[in-house]
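Please find below some comments on the model, set out as numbered points for a colleague who will want the cut-offs stated alongside the values.

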Amino acid sequence: MNNKELEYELTEQEQMKKGKYTKGFYAVFALCVCAIGIAGWYTYADVKNYMNHDKSPEISITASEPVNEQAEVKLSGIENENTDNEDISENSDKEEIPSEAPTVTSESVRSQRVCPTGENKKIISEYSMNNMVYFETLKDWRLHKGTDYAADKGQEIYSISDGLVSAVVKNELYGDGVELEYKNGFKATYYGIKPDGNISVGARIKAGDVVGAVTEIPCEKGSESHIHLEMTKDGQYVNPETYLNNIDNP
């Protein structure tokens with residue numbers, strides 16, 4: 001056999017193999033297509049049945065009633081428990097409220113502010129701040145740096161708060177007096193009084209303790225008998241009435 005005949009036979013065998021492979025492939029492909037088509041048909045039928053099916057499920061009232069009744073019983077029980085707890089809470093709160101006001105002791109009263117003239121709180125001349133006031137005795141206008149409280153001669157004068165005696169003073173215009181230091185930079189000078197025998201520099205006193213007795217004030221002789229009370233806070237003059245009436249400010 002020559003070379004041409006050998007090449008012809010090889011070519012023919014390759015074409016036969018190629019033809020067999022091609023036919024088998026298309027046969028398998030056809031079967032796959034058929035299977036896909038059948039599966040699609042059944043899927044379509046199921047979807048169609050589902051779409052036509054009544055979606056509203058039937059509810060059995062008879063079966064659900066016992067459950068609802070039990071739930072209502074449980075809810076009712078919870079509400080009753082909550083009501084009972086609220087009643088207990090309200091009762092406990094009421095029990096904590098004291099039936100009577102707390103007893104005010106003499107010591108607590110003494111720790112508050114006290115009017116220097118006791119029960120008689122009459123003011124005959126107020127603190128003028130930056131306003132000029134006419135002084136009848138001196139016949140001129142000047143600042144009135146304190147508050148004048150009406151008081152009879154010889155009447156006892158009291159410390160308005162807890163403090164320390166810082167000085168016993170004598171002033172040409174305002175006469176004899178006592179200077180007391182209070183908390184937070186407050187100072188009070190009581191003019192027109194003769195210091196009590198127990199008053200000395202460094203002595204500690206309580207609100208309501210006697211600091212002296214009323215005498216006279218030279219520059220204010222034209223007014224009725226009184227004392228002149230001046231107060232400062234860190235060296236600046238302040239209204240004694242503001243301090244006296246504000247017991248929350250130490």
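Which backbone oxygen lies 2.3 Å from a polar atom of the side chain of threonine 117?

1. The backbone oxygen in question belongs to asparagine 120; a polar contact here is a pair of N or O atoms within 3.5 Å, where within protein one atom must be able to donate a hydrogen and the other to accept it, and residues adjacent in sequence count only if both atoms are side-chain atoms. This is a predicted model, in which local features need pLDDT of at least 70 and side-chain atom pairs count only at pLDDT 80 or more, while totals for chains, interfaces and linings use all residues. Residues are numbered from 1 along each chain as its sequence is written, and side-chain values use heavy atoms, with hydrogens and water left out.

2. Threonine 117 sits in the loop between α3 (106–110) and β1 (123–125), helices (H or I, at least four residues) and strands (E, at least two) being DSSP runs numbered from the N terminus. With 3% relative accessibility, threonine 117 counts as buried (under 20% relative accessible area, against over 50% for exposed and in between for partly exposed, with a 1.4 Å probe and protein chains only). Leaving aside neighbours within four places in sequence, its contacts (heavy atoms within 4.5 Å) include Tyr149, Gln155, Ile157 and Ile227.

3. Isoleucine 157, with the same sequence neighbours left aside, is in contact with residues including Thr117, Tyr190, Val211 and Ile227. Ile157 is also, with Leu180, Tyr182, Tyr190 and Val211, among the residues that touch the most other members of the largest nonpolar core, which has 23 residues (a core being a set of buried Ala, Val, Leu, Ile, Met, Phe, Trp, Tyr and Cys residues joined through side-chain atoms within 4.5 Å). At least two residues of this core come from each of β7, β8, β11 (210–214), β12 (226–233) and α4 (240–245). Another core, of five residues, lies apart from it and includes Phe135, Tyr174, Tyr191 and Ile217.

4. Strand β7 (residues 175–181) is largely enclosed by the rest of the structure, because five of its seven residues are buried. Seven bridges join it to the antiparallel β6 (residues 163–171), two strands being paired if DSSP finds at least two bridges between them, and leucine 164 stands opposite glutamate 181. To β8 (residues 186–191), also antiparallel, β7 is joined by five bridges, with leucine 180 partnered by alanine 188.

5. The turns deserve a separate look. Three residues link β6 to β7 in a hairpin, whereas the β7–β8 hairpin has four residues between its strands, with asparagine 184 in the turn at a positive phi of about 60 degrees.
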